[in-house]
Amino acid sequence: MKYSTQNSEIKAQKNLTSTEERNSISTNHKLPPLPLQRPLLLIGHGTRDADGKQTFLDFVAAYQNLDKSRPVIPCFLELTGPTIQEGVDKCVEQGYTELSALPILLFAARHNKFDITNELDRARQRHPQIKFHYGRHFGITPKILELWRSRLTELEETNFNPSETVLLFVGRGSSDPDANGDVYKLARMLWEGSGYLTIETCFIGITHPRLEEGFRRARLYQPKRIIVLPYFLFTGVLVKKIFDITAQQQEQYPGISMTCLPEMGAHPTLLELLREREIETQLGEVQMNCEMCKFRLATVAGEAHSHGHGHHHHNHDHNNNTHDHTNSIADPYADPEQYHQRIWQIP
């Protein structure tokens, strides 16, 4: 099948690149020095997918290997371990009373603003002697834009004209309108000046339009080619789902060439950006724009929720997570009308 052949070539190319990158990271890559030797807690989202978990752990190991002056400890918010509590306990066991914590997340949605900070509040109650310095997510940066532009450049030697190609930008999807808006902003900035026919933005879960609708909209332009960009840091259940849906679309529409790029992975650019975020926490320069955060808006409206970046939040029950990534429960956001009715509500 045409898609399978193309996709296997792309994944093989990516695997080779990842190996080369790992070798260059360990030998040639230099990062600016840290002002402090404060331990760093790196917090991943978490996945039940073994490949996804290992990719995150490899990413943390690569970052640690660049600078062994302080421990870099991996942990996960949900779905797998070690947990955030276990990560904090490990720092305490080593005698530390102060640590940095960074969310390895692309956008500032509920997990960043609400769930992780709630877990850090729990850890603070268990270890009142510990001082936490919570950093910010990756966000929209020139480095990430350049990373995706370089990925697209690698495909330019093909016979397809960019003006006949539609980019399909696939976000994770969030229950936070502010974060969903950032996905659109980043996609638009990637398209500006690219020469591609257009870019369509869609999501694999929670919000709308979903991926199937994204393909439908992309086909309206009658392109010769559709390039799918899964905007994810690491592989996992949802990234694999994007590849599967792309393969199904290729079977249904064989007249359009479809290519699905890999997730970002342990790219040197991300390690550079991570260093910037770590230094921000050490210098006290973390800045977040909360103007459109629905948690802040609820506070302004007088609702019973305290939201500041000192953060003290409600309990978060991971056993009742309303967006379980294994699709083992009904999708509470599947119906667009119900989605619009509840999206500005806070947990």
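Good morning. Let me begin with a definition: a helix is a DSSP run of H or I with at least four residues, a strand is a run of E with at least two, and both are numbered from the N terminus. In those terms, P209 lies in the loop between β6, residues 198-203, and α7, residues 211-219. I should also state at the outset that this is a predicted model.

I shall stay with that loop for a moment. The peptide bond that leads from H208 into P209 is cis, and its omega is near 0 degrees. The loop between β6 and α7 also contains I206. Although I206 is not a glycine, its phi is positive, at about 65 degrees. As general background, most peptide bonds are trans, and most residues other than glycine have a negative phi. Is I206 buried or exposed? With a relative accessible area of 6%, I206 is buried, because the cut-off for that class is under 20%.

The loop between β2, residues 72-76, and α3, residues 84-93, can be described in similar terms. P82 is found there, and a cis peptide bond with omega of about 5 degrees joins G81 to P82. L79 is placed in the loop between β2 and α3 as well. This leucine has a positive phi, near 75 degrees. L79 has a relative accessible area of 24%, so it is classed as partly exposed.

I turn now to the interior space. A general remark first: rolling a probe the size of a water molecule over the atoms shows where empty space is left. How many cavities of 30 Å³ or more are there? The count comes to one. The volume of the largest cavity is about 740 Å³. Its lining comprises 38 residues, and those nearest the centre of the cavity are H45, L105, H111, R172 and F232.

What is the character of that lining? It divides into 18 nonpolar residues, 17 polar ones and three charged ones. Four helices each supply at least two lining residues: α2 (50-66), α4 (110-126), α6 (177-191) and α8 (237-252). In terms of domains, at least three lining residues come from each of domain 1, which covers 40-137 and 270-283, and domain 2, which covers 142-260.

Two of those helices offer individual residues to look at. In α2 we find Q64, which is buried at 17% relative accessible area. The side chain of Q64 reaches the backbone nitrogen of V72 at 2.7 Å. In α4 we find R110, and this arginine also counts as buried, with 17% relative accessibility. R110 and D176 are 66 residues apart in sequence, with 6.2 Å between their C-alpha atoms.

A further buried arginine is R225, at 5% relative accessibility. R225 is placed in strand β7, residues 225-230. Which side chain does R225 contact? The side chains of R225 and T259 are joined by a polar contact of 3.2 Å. The C-alpha atoms of R225 and P162 are separated by 8.7 Å, and these two residues are 63 positions apart along the chain.

Next, H267, in the loop between β8 (257-260) and α9 (268-283). At 14% relative accessible area, H267 is buried. A polar atom of the H267 side chain lies 3.0 Å from the backbone nitrogen of T269. The C-alpha atom of H267 is separated by 9.3 Å from that of L233, 34 residues away along the chain.

Finally, the cysteines. How many disulfides does the structure hold? The number is zero. Why is C75 not bonded to C91? The closest cysteine sulfur to that of C75 is in C91, at 8.6 Å, and so it is too far for a bond; a disulfide requires the two sulfur atoms to be within 2.5 Å. Taken from the other side, the closest cysteine sulfur to C91 is that of C75. Both residues are buried: C75 has a relative accessible area of 0%, and C91 likewise has 0%.

That concludes the presentation. Thank you.

Conventions: Residues are numbered from 1 along each chain as its sequence is written. This is a predicted model: local features need pLDDT of at least 70, side-chain atom pairs count only at pLDDT 80 or more; totals for chains, interfaces and linings use all residues. Side-chain values use heavy atoms; hydrogens and water are left out. On a 1 Å grid over the protein atoms alone, a cavity is a set of points where a 1.4 Å probe fits but cannot get out, and a pocket is an open set with protein on both sides within 12 Å along at least five of seven lines; lining residues have an atom within 4 Å of a point. Grid points are joined across faces, edges and corners, and a volume is the space filled by probe spheres set on the points. Ala, Val, Leu, Ile, Met, Phe, Trp, Tyr, Cys and Pro count as nonpolar, Asp, Glu, Lys and Arg as charged, and the others, Gly among them, as polar. Domain bounds come from an automatic or database domain assignment. Buried means under 20% relative accessible area, exposed over 50%, partly exposed in between (1.4 Å probe, protein chains only). A polar contact is a pair of N or O atoms within 3.5 Å; within protein, one must be able to donate a hydrogen and the other to accept it, and residues adjacent in sequence count only if both atoms are side-chain atoms.
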